[in-house]
Amino acid sequence: MNIFTTDFFFSIIRIATPILLATLAAVVGEKGGVSNIGLEGIMMMSALFGSLTAYWTKSWFIGLLIAMLVGLLEALLMGFFAFKLKTDIILVGTAVNMIGSGGTIFLVKVITNATMDQSMTSTTSLITKALQIPSVNIPLIKDIPVLGKIISGHSILTYLAFLLVWLTIVLLYKTPLGLNIRSVGENPNAASSVGVSVAKVRYITIGIGGILAGLGGAYMSMYYAMGWSLDMVAGRGFIALAAQSMGGGEPVGSMLAALVFGFAQALGIKVSATGVDSNLVAPIPYIVTIISLVIFAINQRRKDQKRHAASALN
Amino acid sequence: MSGEYAIQMKGITKVYPNGTVANQNVNLDVKKGEIHALMGENGAGKSTLMKMLFGLEQPTEGQILVNGEQVHLSSPTVAISKGIGMVHQHFMLVPSLTVAENMVLGMVPTKSGALIDFKKAVEITEEYSKKFNLEVDANAKVMDIPVGMKQKVEILKALVRGAKILILDEPTAVLTSQETTELFKELKNLKTQGYTLIFISHKLNEIMEITDRMTILRGGRSMGIYETKDVTPQEISRLMVGRDVVLKVEKDKAQPGAEVLKVRDVEYVNEWGKKMLDKVSLSVRRGEILGIAGVEGNGQKELVDMLFGFNRPNRGTIEVNGSNIIGLGQREIREKHISLVPEDRMLYGIAGTASIEENLISDRAGSKKLNNGILFNMGAIHKESEQLVKDYTVLCKNAQQAVGSLSGGNIQKVVVAREFSNDPVLIIADQPTRGIDVGATEFIRKKLVELSRSGIAVLLVSADLNEVMELSDSLIIMCGGRIAAYFEDTEDLSDELMGEYMLGIRQQSPEEIRRVCHE
């Protein structure tokens, strides 16, 4: 039986998209020295408000914008706690993640109760096919045999995500803002000594991450699934942190890592579809995560040792 | 006459919120186009004075004039706008960025509105590099270039921001001698181009070589402004090094016994390839205090690190009572009954948020006396710590108080109470009384003498001349990672002579120095 069909590769991309968006958030964050472990929670919150707004406005586009806005605001709030009030950013992130789980189910009940006179525990009945983020068939490419079936027909957010990889590179390496982000991340004293506002750069850094995670959340509730449901992000915000680390913190490397995780999840789904006990299949993505991280860590260590050896010669 | 001076600092006094007086009524005049040295030992107030000139700190009293115009330097940005640039001792560079990127950080040239104009950045870098004859590789990443080049980048960074007055904070501290020679050539070149340089240092030969005039600071006060050509190194050393108040400590003549600490030919090259310890040999015997004097940064810290297992020498041997201690961990070293009063008490001496009691027993928490293998015997702990608090007159509410809430002197008493009470054979006391009140200082000094007379070997490292001269039975002076002198007796040593050895004007013969090994 062949599991490596075009469908399978298509699903890798589909599954990897939200991970990729969150990974880019992690990449920008780490470059700016902001370890945002709250991506998971931001995705949850954006997923909820994206789907609700799409339903209210009957527009997936406005839903998407609101999801980004919610992501941005939540990230800036994190920044306020972490940079202004000097709370440990890991604790702030943990709080955001808890709100992303418990807070969203609370909110969805309260909001639906107030607006629809019935307390709902998910928004799955609210997002119809018409409110789904549209998918597009790319002319010409869709007609290429095999490849066309894999890379055409995805949601516009998927294409945006891959475009964002390139945009992230441009942002980080070609713009003054990117230079500031990287210098604040590496040596804030050096940055501030030449008049760069460290606080401002950090807010921008975490804000960009919020918007990207917001996009990931919108993808989850308005494309990947039809509507929001409890804990639907299911660890993708954390997997993104692993992907960032595995990719060496660079956009392209991290994108490849996100695809590896997409592959692992797709494999899990595929294998369970063949009738293998789902309990045996469930760990596949996590095992792939652990193995990848170990490989990454070993490589990193080799590199460090080489560098040490080189510097010892001088 | 406003045209003559680039910088005038008048009657500058700086009192920190905790009451430390860093500068007292200091005047500094720097003429346009000169290289002006700011000299003084560590803690003399050089850095504070320069921080005020660069807007990092504000003076409590006094005024600052730049080119004859009174200014209020509220931040480095203001100082930069007045044409003042600073080359910090710890480089303010971003390692993963290129030299050119570091150069333009905060003032990035752009093209088509949004993107960095890298070509322009490289051009700017190369233009300045050529103009000032400071050779740098604009496209190399900062982490890949040698220290000397990093420093040039720092200088160029200040120049590209329009600095006409450059403050160089101990620029040679991290450089090899070739790099230093090169730097001096470049600095002289800057001077001929009309730039004004303030050169902070405590290295005499460097000062004599490149400066026109100098201001000497001692204990936060100015000892005057001198023309370099008019003063001798001896005079400078006398002005820089000297004792103000002498705190007498009574002590009998030492009766040295068997050798406890034996250090032979220890060499250490630091991670940047600079030799920090060069063939250091010494012995400390039972019942004597061997002092190590010297300006800070001449290898004392590295030596102490070796003795307490924080680092390993590249060469040489270190033995305590005949057994090697190189490569041992701190616990193993403590098991050999070696005690350390660390230089940085807040970092290595105590855990600030833990109680006095917990700090006191931290080196002996595993002893059978204080626990039964699972739980602490709180009664025994209370008893022991209360006794120590009493013996060492630690001023506190009770032994359960957080140690960080005590005054500096009482914190240090907690440290010495622990270090002195665990039956030591060797005590390494590194700056044991730095920054603490007179009462605690006297107490600790007396205790050190008392312990040495009871047969313990004491190695005392101190930048405080007063302290080493008063406490030591014999002493060595370190300069440039080497032992510059050994004195068997401190009785008739003069401050002037000490100063000359400390600053490298004099140097004893290897045979004279070898006497410290008592072979």
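Q: What mean pLDDT does chain B have, and how many of its residues reach 70 or more?
A: The mean pLDDT of chain B, where pLDDT is the predictor's confidence in each residue from 0 to 100, is 89, and 98% of its residues reach 70 or more. This is a predicted model, in which local features need pLDDT of at least 70 and side-chain atom pairs count only at pLDDT 80 or more, while totals for chains, interfaces and linings use all residues. Residues are numbered from 1 along each chain as its sequence is written, and chains are lettered from A and ligands numbered from 1 in the order in which they are written. For the complex, the predictor gives an ipTM of 0.83 and a pTM of 0.76.

Q: What makes residues of chain B count as in contact with chain A?
A: Two residues are in contact if their C-beta atoms, placed from the backbone, lie within 7 Å, and 17 residues of chain B are in contact with 16 residues of chain A. Helix H2 (76-81) and strand E8 (115-116) of chain B are the elements that give two or more residues to this side of chain B; helices (H or I, at least four residues) and strands (E, at least two) are DSSP runs, numbered from the N terminus.

Q: Why is helix H10 (residues 236-246) of chain A called mostly covered?
A: A residue is buried if 20 or more other C-beta atoms lie within 10 Å of its own, exposed if 12 or fewer, and partly exposed in between, with C-beta atoms placed from the backbone; ten of the eleven residues of H10(A) are buried, so the helix is described as mostly covered. Among the buried residues are A:Arg236, A:Leu241 and A:Met246, and just after H10(A), A:Gly248 takes a positive phi of about 65°.

Q: How do you know that the span of helix H11 (residues 251-273) of chain A agrees with expectation?
A: The expected span is 1.5 Å times one less than the number of residues, so the 23 residues of H11(A) should span 33 Å, and the end C-alpha atoms are 33 Å apart, which agrees.

Q: Why do strand E14 (275-285) and strand E17 (323-324) of chain B count as edges?
A: The open sheet of four strands in chain B has the order E14-E13-E16-E17, with antiparallel pairing, where two strands pair if DSSP finds at least two bridges between them. E14(B) and E17(B) each have a single partner strand, so one side of each is left without a neighbour in the sheet. Seven bridges join strand E13 (residues 259-269) of chain B to E14(B), and B:Val266 has B:Val280 as its bridge partner in E14(B).
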